[in-house]
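The paragraphs below lead a new reader through one structure, step by step. Please keep the sequence and the model in view while reading.

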Amino acid sequence: EALGAQVANPGAQVWAIDGDGCFQMTNQELAVATLENLPIKVAIINNSVLGMVHQWQELFFDSRFSGTLLQDGEGGKDIPDFVKLAEAYGALGLRARTKEEVDQVITQAMETNDRPVVIDFRVSTDSQVWPMVPAGESNSNVIYAGGQGPVWENEE
């Protein structure tokens, strides 16, 4: 979607925001962005796990985690290393591991307009995405952080 938005708005600054698992399913679009000179910016919110699956395993399967960890230990290798992956596609790869680095990498990304930019924003493995709808439920049963959800007018 970022590619189409950039083509439709060549002078605009276009950002895509992905989780690390999501980006692994779409990162090949960097090839098109590089070849077509589309300076999109991609912000990866990287918690080093396949976040949606990990979150479901935690909430609905008593934290029985399986196959969701994408790092070889605390402070270990990044799997994959998104900075190197970005560079392999001809994009600028940046990483922010601390709050203090965030403004610097965003500024650098915004000032780079000759190629795509990928920023690997590292967050806690425990980071979750809300709201969500449990399996088999309707969108009326959306839940938020801490198990909270909306109170609908017709509920008692």
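In this predicted model, the second largest cavity has a volume of about 30 Å³, and its lining is made up of 10 residues, with His-54, Gln-55, Thr-125, Ser-127 and Gln-128 closest to its centre. Sorted by class, that lining consists of 7 polar residues, 2 charged residues and 1 nonpolar residue. The structure as a whole holds 2 cavities of 30 Å³ or more.

With that enclosed space located, the overall layout of the chain can be followed. The protein chain contains 6 helices and 4 strands, and a reader who moves along the sequence meets them in the order α-β-α-α-β-α-α-β-α-β. Of the 156 residues in the chain, 33% are buried, while the chain as a whole exposes about 9700 Å², of which carbon and sulfur atoms supply 53%. When contacts between residues at least 6 apart in sequence are considered, 62% of them join residues that are at least 24 apart.

The buried side of the picture begins with the largest nonpolar core, which has 15 residues, and in which Phe-23, Ile-40, Val-42, Ile-44 and Val-118 have the most contacts inside the core. Two or more residues of this core come from each of the elements α1, α3, β2 (41-46) and α5 (82-88). Apart from this core lies another one, of 9 residues, which includes Leu-94, Val-105, Ala-109 and Val-117. Val-118 is a useful residue to select on the screen: with residues up to four places away in sequence left out, Val-118 touches Phe-23, Leu-30, Val-42, Ile-44, Phe-82, Ala-86, Leu-92, Gly-93 and Leu-94.

An open space comes next. Which residues lie nearest the centre of the second largest pocket? They are Ala-2, Ala-16, Asp-18, Thr-26 and Glu-29, out of 13 residues that line this pocket, and the space inside the pocket amounts to about 220 Å³. At least two lining residues are supplied by each of α1 (2-8), β1 (15-19), α2 (20-26) and α3 (29-35), and the largest share, 3 residues, comes from α2. By class, the lining of the second largest pocket has 8 nonpolar residues, together with 3 charged and 2 polar ones.

Helix α4 and the segment after β4 offer several places where residues separated along the chain can be compared in space. Trp-56 is found in helix α4 and, with a relative accessible area of 23%, is partly exposed, since a residue must be under 20% to count as buried. Leaving aside neighbours within four places in sequence, Trp-56 is in contact with Phe-61, Met-132, Val-133, Pro-134 and Ala-135. One of these partners, Pro-134, is 78 residues away from Trp-56 in sequence, although the two C-alpha atoms are 8.3 Å apart in space.

Ser-124 belongs to the segment after β4 and counts as partly exposed at 42% relative accessibility; between the C-alpha atoms of Ser-124 and Val-49, which are 75 residues apart along the chain, the separation is 9.6 Å. Ile-143 also lies in the segment after β4 (117-122), and this residue counts as buried because its relative accessibility is 18%, which falls under the 20% limit. The distance between Ile-143 and Pro-131, taken from C-alpha to C-alpha, is 5.6 Å, and the two are 12 residues apart in sequence.

Two loop residues deserve a look for their backbone angles. Most residues other than glycine have a negative phi. Asn-37, however, has a positive phi of about 55° although it is not a glycine, and its place is in the loop between α3 and β2. Is Asn-37 buried or exposed? Asn-37 is exposed, because its relative accessible area of 60% is over the 50% limit. Asp-62, another residue that is not glycine, likewise has a positive phi, near 50°, and sits in the loop between α4 (51-60) and α5. With a relative accessible area of 65%, Asp-62 is exposed.

Methods: Residues numbered from 1 in each chain as written. Predicted model: local features only at pLDDT ≥ 70, side-chain atom pairs only at ≥ 80, totals over all residues. Heavy atoms only, no water. 1 Å grid on protein atoms, 1.4 Å probe; cavity = no way out; pocket = protein on both sides within 12 Å on 5 of 7 lines; lining within 4 Å. Points joined across faces, edges and corners; volume = space filled by probe spheres on them. Nonpolar A, V, L, I, M, F, W, Y, C, P; charged D, E, K, R; others polar. Core = buried A, V, L, I, M, F, W, Y, C linked by side-chain atoms within 4.5 Å. Buried < 20%, exposed > 50% of the residue type's maximum accessible area, 1.4 Å probe, protein only. Contact = heavy atoms within 4.5 Å. Areas by Shrake-Rupley, 256 points an atom, 1.4 Å probe, with all protein chains shown as cover.
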